[in-house]
Amino acid sequence: MATGEAGASTPSIIWFDDLSRGDVGLVGGKNASLGEMVQELSQAGIRVPPGFATTSDAFWAFLDHNDLRPGISAAIDAWDGGKASLQQTGQAIRNMVLRGDWPEALRADLLSAHARLCDRTGHPDLSVAVRSSATAEDLPNASFAGQQETFLNVSGGEALLDACRRCYASLFTDRALSYRRVQGFDHLSVALSVGVQQMVRSDTGGSGVMFSIDTESGFDKLVLINAAWGLGENVVQGAVTPDEYQVFKPFLDDPDLVPVVEKALGAKEIKMILSSDPARPTRNVPTSRAERAHFVLSDAEIVELARAAVTIEAHYGCAMDMEWARDGDTGDLFIVQARPETVQSRLEDAAMKSYTVKSPGKPLLTGLSVGSAAASGQVCLIESAADIDRFVDGGILVTGTTDPDWVPIMKRASAIVTDSGGRTSHAAIVSRELGLPAIVGTGNATFLLHDGQEVTVSCAEGSGGVVYDGLAEIEVETLHHDTIPDTRTRVMLNIANPSAAARWWRLPAAGVGLARMEFVIANTIKAHPMALLHPDRLGEAERVEIAHLIRGHDSAEDSL
């Protein structure tokens with residue numbers, strides 16, 4: 001096996017320096033992709049924190065050393081036969097794994113690799129991120145996103161061994177067992193690799209998620225970036241409403257341009273930081289008023305990340321879903337994960353559905369729309385995963401946020417509405433994968449809506465989703481592109497609401513022929529340009545409203 005800069009690899013440990021994307025069977029999709037970027041994209045300026053991965057051989061060695069395969073098979077058989085619940089099965093298997101002892105050779109390999117990583121980075125007490133990477137994840141037809149666990153701020157050899165064991169156990173969480181059953185994977189044919197990577201000090205910087213494609217429309221000329229203060233788990237899980245930035249890719253080649261076409265300030269209610277308590281290595285704290293009022297990233301940093309996204313996309317040859325982190329000490333931007341995007345890239349190009357909500361009731365609340373569909377039904381308000389048994393099939397799931405434990409009932413919902421989260425949160429990703437309309441980041445859905453209330457959830461009106469009172473009629477029209485005849489006249493599109501522009505990019509039109517400026521001002525700028533340029537000419541109430549509109553920007557002119 002190859003030898004990397006950090007030292008010799010072994011059958012149980014491979015350094016990122018020695019991995020490529022063809023090694024999914026050895027180290028899972030996540031770790032194989034990290035190795036690919038280290039080997040192939042470092043020279044292009046893509047920064048990846050150094051680290052190593054345990055192999056699938058190490059996982060099977062752990063199971064066999066503790067004779068766990070027969071017990072796991074028996075537990076799965078009991079579940080399949082209806083003799084045990086999903087929860088009982090998952091808990092039983094996880095307990096088996098957590099009670100397991102490390103084979104001496106594997107233990108020695110892990111501790112030796114950790115010591116070499118400390119030497120390589122020059123930090124004898126290096127804090128690491130310990131991430132799960134399943135050998136069946138990040139596939140074109142099965143993402144397995146968020147199925148297994150990640151542990152941050154892990155310090156010391158014994159803590160590393162414990163975190164790796166807990167990663168192994170997380171291959172058998174309830175959500176992972178349920179997902180594999182739906183996808184038709186044999187539970188004992190999927191191994192788990194563990195990635196051990198230097199922690200980026202994003203607790204004092206910022207982090208988030210980035211797509212090289214518009215997640216809602218599939219428009220391939222945009223980079224979508226979400227950002228929040230602190231460690232990135234809150235963005236991934238949808239525990240915060242992040243900043244959102246959109247960058248127009250065709251203009252990124254021009255160093256004189258800053259093609260940031262949209263910036264939306266998120267509430268960023270909390271941030272995850274490192275803790276000095278070994279039993280609780282991370283904790284959430286409220287963000288300051290100043291942090292909530294400012295964008296996490298500067299325009300220069302937004303453009304740097306967008307260029308990294310384009311570079312990674314070009315190398316992989318497909319749309320990509322990435323996680324990034326900014327080190328608060330150095331200001332450097334790192335890519336900590338990259339995987340193929342698995343929703344928009346699988347949609348049928350030849351057809352599109354258009355949803356229209358007829359005669360809706362009064363608007364009750366708004367948020368970020370996920371998808372372009374609409375649905376009507378009764379609200380099922382559930383604030384804790386412990387109460388998911390109360391969910392009624394076909395209901396509108398309303399909750400604060402979701403994580404992978406919620407997937408079984410998300411599949412039974414007709415629409416999803418959450419208080420927090422952005423378009424790259426767990427609720428958004430799963431809703432997109434399931435083809436459900438969802439509205440995230442409403443701020444107060446669990447406060448305004450109640451159980452049994454009849455509502456209509458509409459994501460058919462652009463980037464802003466609306467929950468309407470009552471059950472409105474929903475009209476669905478399917479347009480097949482291949483049935484539209486060619487015309488000698490160059491047919492162009494008239495755009496009113498600018499937020500809906502990306503929805504129509506697949507239409508066989510010759511571009512945009514007319515954009516309604518009054519709609520751009522009313523829907524996007526939301527103030528008369530002269531009011532932004534001369535707030536001194538306004539009354540007190542108008543100045544307060546203008547100040548709220550330009551939060552996060554250096555000046556009113558900058559917000560235009």
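This report describes a helix crossing, a packed helix and a paired strand in a predicted model.

Residues are numbered from 1 along each chain as its sequence is written. Local features need pLDDT of at least 70, side-chain atom pairs count only at pLDDT 80 or more, totals for chains, interfaces and linings use all residues, and side-chain values use heavy atoms, with hydrogens and water left out.

Helix α5 (residues 104-121) and helix α6 (residues 157-169) have axes that come within 10 Å and cross at roughly 125°; the two are therefore oblique to each other, a word for angles that are not under 35 degrees, over 145 or 65 to 115. Arg107, Leu110, Leu111 and His114 of α5 meet Gly157, Glu158, Leu160, Leu161 and Cys164 of α6, where contact means heavy atoms within 4.5 Å. By class, the residues of this contact are five nonpolar, two polar and two charged.

In helix α12 (residues 426-434), the buried residues (under 20% relative accessible area, 1.4 Å probe, protein chains only) are His426, Ala427, Ala428, Val430, Ser431 and Arg432. They pack against α8 (233-237), β17 (363-370), α11 (407-410), β20 (415-418) and β21 (438-440). Just after α12, Gly435 has a positive phi of about 75°.

Strand β7 (residues 192-198) has six of its seven residues buried, so it is largely enclosed by the rest of the structure. Its pairing with two strands is tabulated here, pairing requiring at least two DSSP bridges.

| Strand joined to β7 | Bridges and direction | One bridge pair |
|---|---|---|
| β4 (residues 51-54) | three bridges, antiparallel | Phe52 opposite Val196 |
| β5 (residues 127-134) | seven bridges, antiparallel | Ala134 with Leu192 |

Notes:
Axes are lines fitted to C-alpha atoms, for helices over the stretch in contact, and angles run from 0 to 180 degrees between N-to-C directions. Helices (H or I, at least four residues) and strands (E, at least two) are DSSP runs, numbered from the N terminus. Ala, Val, Leu, Ile, Met, Phe, Trp, Tyr, Cys and Pro count as nonpolar, Asp, Glu, Lys and Arg as charged, and the others, Gly among them, as polar. Buried means under 20% relative accessible area, exposed over 50%, partly exposed in between (1.4 Å probe, protein chains only).
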